[in-house]
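User: Could you take a close look at the aromatic rings in this structure and walk me through how they pair?

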Amino acid sequence: QHLHFGLGASMPATGDPRVSFINAAWTRAQLVEFLHGADAFIWPSRGEGFGLPPLQAALTGLPVAMTTHTRMAEYYDKRYFWKIEDAGMSEAPLYGRWIDPDVDSAAAQLRAIYNNRKAALRKGKAAAAYVRKNFSLEAFSGRLGTFLDTLD
């Protein structure tokens with residue numbers, strides 16, 4: 001198996017020829033094509049304002065393994081996603097602290113997806129429906145309208 005990771009500015013080195021890192025700006029169509037070619041999406045985040053990429057990946061029907069802290073806890077649901085446990089906190093490079101993902105937990109979730117592919121694809125399909133229903137622009141505008149109605 002060959003793993004591809006899309007990254008921002010930093011390019012870690014693994015020394016493993018099966019792993020490649022992509023540092024490029026993609027169009028929406030390129031991103032969707034990349035996600036459609038994947039077997040799973042993993043999001044071992046240390047902290048997010050919201051964490052949109054797991055939702056984007058879920059929309060394609062991909063099985064998604066993710067951390068569930070910070071604002072990602074608002075949409076995480078074990079019926080649709082695989083949870084990566086936390087491994088404590090560490091100092092962030094610029095300031096503050098972040099929550100470290102547990103590498104063994106992440107590996108276990110990927111193994112669970114791999115070992116139960118048919119069930120993982122069903123869960124991924126259910127996740128796509130969950131995201132479309134709850135996080136579409138229509139759903140957001142409905143929640144915003146309800147909130148605005150409270151501001152007499």
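Analyst: Happy to; here is a tour of the aromatic pairs and the charges over rings. This is a predicted model, in which local features need pLDDT of at least 70 and side-chain atom pairs count only at pLDDT 80 or more, while totals for chains, interfaces and linings use all residues. Residues are numbered from 1 along each chain as its sequence is written, and side-chain values use heavy atoms, with hydrogens and water left out.

Rings of Phe, Tyr and Trp (its six-membered ring) pair if their centres lie within 6.5 Å; planes under 30 degrees apart count as stacked, over 60 as edge-to-face and the rest as tilted. By this rule there are 9 aromatic pairs. Phenylalanine 41 and tryptophan 43 are stacked, because their ring centres are 6.0 Å apart and their planes lie at 15°. Both phenylalanine 41 and tryptophan 43 are buried (under 20% relative accessible area, with exposed over 50% and partly exposed in between, using a 1.4 Å probe and protein chains only).

Phenylalanine 81 and tyrosine 130 have ring centres 6.2 Å apart and planes at 75°, so this pair is edge-to-face. Phenylalanine 81 is buried at 1% relative accessible area, and tyrosine 130 also counts as buried, at 13%. These two belong to one aromatic cluster, together with Phe50, Tyr75, Tyr76, Tyr80 and Phe135.

Charges join in too: one sits over a ring if NZ of Lys or CZ of Arg is within 6 Å of the ring centre and within 35 degrees of the ring normal. Lysine 123 places its charged end over the ring of tryptophan 82, 4.2 Å from the centre. Arginine 117 lies over the face of tyrosine 114, at 4.2 Å from that ring centre.
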